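Please open the model in your viewer and keep the sequence panel beside it. The stops below are meant to be selected one after another.

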Amino acid sequence: MNPSSRGLIIHRLLLALAACILAIALSAHVSAIADTNPFVGMRQPAPTGITGWILAEQSRFYRALSGLIHAAKTDGSALWALMGISFIYGIFHAAGPGHGKAVISSYLVANEETWRRGIVLSFASAILQAVTAIVIVGVAAALLGATAKIMGDTVRVIEIVSYALIVLLGLRLFWVKGRGFLRTWREIKSPGPAREAAADRRNHHRHHAHTHEGHDDKCDHGDHDHAKGAHAHAHDQGHGHGHSHDDHHHHAEEDGDVLPWGHAHGPEPEELAGPGGWHRGFSAIVAVGLRPCSGAIIVLVFALAQGLFLAGVASTFVMGLGTAITVAAIATLAVAARAAAQKVAATRPGYAALALRGVEVGAAVLVIAFGIALLAGYMASERMGMF
Amino acid sequence: MLVTPRARLQWRERLVHVAIGVTALAAGALMAPGRVAAHPHVWISVVAELLYNPEGSITGVRQVWTFDEMFSTFATRGIEQKTQGTFSREELGPLTQTYMDGLRDFGYFTFVRLDGERQNEVFAGPADYFSDYDPKRGAITLNFMLPLKSPAPAKSLEVLIYDPQLYFYLSFARFDPVHLIGAPAQCRPLVKTSADDAAPAPGSIAGMVTTSTSTIWVKCS
């Protein structure tokens, strides 16, 4: 199949996905508005529509979960049903707040990540969430005979660390992206060669995007590389894009400025798989994945009490897979949105590029805001001291 | 310049990109509040009593919350028990205290409206609270009473029991969930029960709609 048309199909699928999620978000939003003012007439402040449906499904799956764990004590075949229900429960459960959807999406947008990395990040953090839950219940409840309160306190400490890490992650992004923004801004303000260089780079970008089949998604201009002082690396490695970097050198030297964003081309396939590539996402995975889902902890403790801890462990991992699918879907949308903005920016040099930098800075600020809100929300309200 | 098929494809591609972007951004913006979607972790079945004084005013709300089996198992984990398989009221005492302390910050998820006006700080803190364990259901029942600071005329009183953030899924018990204690004979409670507790018409949209809100009001004929 023609790579371009294949790309078009993928993009159409993405569009359909985006529309579906928009519909869900809309209905959730509408019911949320009803939710905020429960005292209007006799109206029920109840989530209805799709949110209500998700809620109803969750209730059903939750009840099925406990029923199946009971059944598995005597009937081994119930384990298969348990895995199936765990998987679906994970998908529905992650549709609610939390599970790092917002943080991962913002991180991906700010850090110009590819959708492939977005999916990997989503799965890695979901699996880490499952592992944390298993370790907590395995050590605290199974080995030490700890109470729910002790487990709750443990989760609370982990949450604080996790939220603080999210703030740090955001601050680092903000630092890197803020500088990128200022660089682009200076580039626009300073007339002449630098501007041409910018335009040239943008042309280069277009060229790259449309001639290297299937490379679209990787064609990002990783500022993170700059942050790590990887300029030399970016130039020396020889990207094999069939494009000379000499002009860039020329203009940049003439400019005397720090290299703008066009130079490092983001992760190459080998870099993506290499230790350096994964290392970049590692901090995001830990920040998001450290915090276990309390739902998983409840299921694990229940399975443990029924003498079926291993079934609980398997169920937790399968639930994590379901969670990852939901998170990955939303992360993919975020990446697609950014790619779309990039395409637009590529056609209009100058302020559009600046706006794109601005979006990145904004996403970095969002990550910080999420982290602070989580920390503050945590400080303000501990859920009955249960978790 | 000739418009090549390839160029046209690129143009279309860009248009699709923009469409994806706009849709995704809209979805993202709407999802941002984060708390709008359902995300319960604990399911609670509620039985409530409205307490009347001899003058016919309501003096308080008494509630019995039955936690779901999985959460109850989690909550009682590690608590010492004299008799295997059950927990005494005393053994659950510290747990009950933790819950009542925690619930204070959330107004006990119990909200009151009088004469069409939402009331704040109407309850004088919980009284008579304790927890029991139901070995048959494997469930904890939390009992507590919320006295009103001043007795309220029952005529236009509404009590709503729900967690706005849906962390707790509070719904009325299936049978006979609300009682009036010491009420005038002509008064009876009206309630809205969750749709998933009622029998939904097969295939109907209404069957999919549910609520975690329990609303009580009193009608006197």
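Begin with residues 32-38 of chain B, where pLDDT (the predictor's confidence in each residue, from 0 to 100) stays under 50 and for which the model has 22 contacts beyond four places in sequence, a contact being two residues whose C-beta atoms, placed from the backbone, lie within 7 Å. Then select residues 194-211 of chain B, where pLDDT again stays under 50 and the model has 32 contacts beyond four places in sequence. Where pLDDT is low, the predicted coordinates should not be read in detail.

This is a predicted model, in which local features need pLDDT of at least 70 and side-chain atom pairs count only at pLDDT 80 or more, while totals for chains, interfaces and linings use all residues. Residues are numbered from 1 along each chain as its sequence is written, and chains are lettered from A and ligands numbered from 1 in the order in which they are written.

**Confidence across the model**

The model scores ipTM 0.71 and pTM 0.67. Colour chain B by pLDDT: the chain averages 77, and 72% of its residues score at least 70. Among the elements of chain B, helix α1 (residues 5-31) has the lowest mean pLDDT, 60, and strand β5 (residues 127-134) the highest, 94; helices (H or I, at least four residues) and strands (E, at least two) are DSSP runs, numbered from the N terminus.

**Chain A and two of its helices**

Now select chain A, which has 15 helices and 0 strands. Of its 387 residues, 51% are buried, where buried means that 20 or more other C-beta atoms lie within 10 Å of the residue's own, exposed means 12 or fewer, and partly exposed lies in between, with C-beta atoms placed from the backbone. Among contacts in chain A between residues at least 6 apart in sequence, 81% join residues at least 24 apart.

Select helix α14 (residues 309-347) of chain A, whose 39 residues should span 57 Å at 1.5 Å a residue, in agreement with the 57 Å between its end C-alpha atoms; the expected span is 1.5 Å times one less than the number of residues. α14(A) is mostly covered, with 32 of its 39 residues buried.

Move next to helix α3 (residues 78-93) of chain A, where 16 residues should span 22 Å and the end C-alpha atoms are 21 Å apart, which agrees. Display the side chains of Leu82(A), Ile85(A), Ser86(A), Tyr89(A), Gly90(A), Phe92(A) and His93(A), which are buried in α3(A). Looking down the axis of α3(A), you will find the buried residues within an arc of 160 degrees, so they line one face of the helix; the arc is that of the directions from the helix axis to the C-beta atoms.

**The open sheet of chain B**

Return to chain B and select the 5 strands that form an open sheet in the order β4-β3-β7-β11-β10, with antiparallel pairing; two strands pair if DSSP finds at least two bridges between them. At the edges stand β4 (117-119) and β10 (187-192) of chain B, each with a single partner strand, so one side of each is left without a neighbour in the sheet. Neighbouring strands of this sheet are turned by 25 degrees against each other on average, direction ignored, with axes taken as lines fitted to C-alpha atoms, for helices over the stretch in contact, and angles running from 0 to 180 degrees between N-to-C directions.

Zoom in on strand β3 (residues 110-114) of chain B, which pairs with β4(B) in the antiparallel sense over 3 bridges, and where Leu114(B) stands opposite Glu117(B) in β4(B).

Two residues in the loop between α3 (93-104) and β3 of chain B deserve a look, namely Tyr108(B) and Phe109(B). Most residues other than glycine have a negative phi, yet Tyr108(B) has a positive phi of about 55 degrees, and Phe109(B) also has a positive phi of about 55 degrees. Tyr108(B) is partly exposed, with 18 other C-beta atoms within 10 Å, whereas Phe109(B) is buried, with 23.

**Strands β2, β5 and β6 of chain B**

Finally, select strand β6 (residues 139-153) of chain B, in which Pro153(B) lies. Pro153(B) counts as exposed, with 12 C-beta neighbours inside 10 Å. Pro153(B) and Leu114(B) are 39 residues apart in sequence and 8.2 Å apart in space, C-alpha to C-alpha.

Strand β2 (residues 57-67) of chain B is joined to β6(B) by 9 bridges and runs antiparallel to it, with Leu142(B) as the bridge partner of Trp65(B). β5(B) and β6(B) pair in the antiparallel sense over 6 bridges, and Tyr133(B) stands opposite Ile140(B) in β6(B). End at the hairpin of β5(B) and β6(B), which has 4 residues between the strands and in which Gly138(B) takes a positive phi near 65 degrees.
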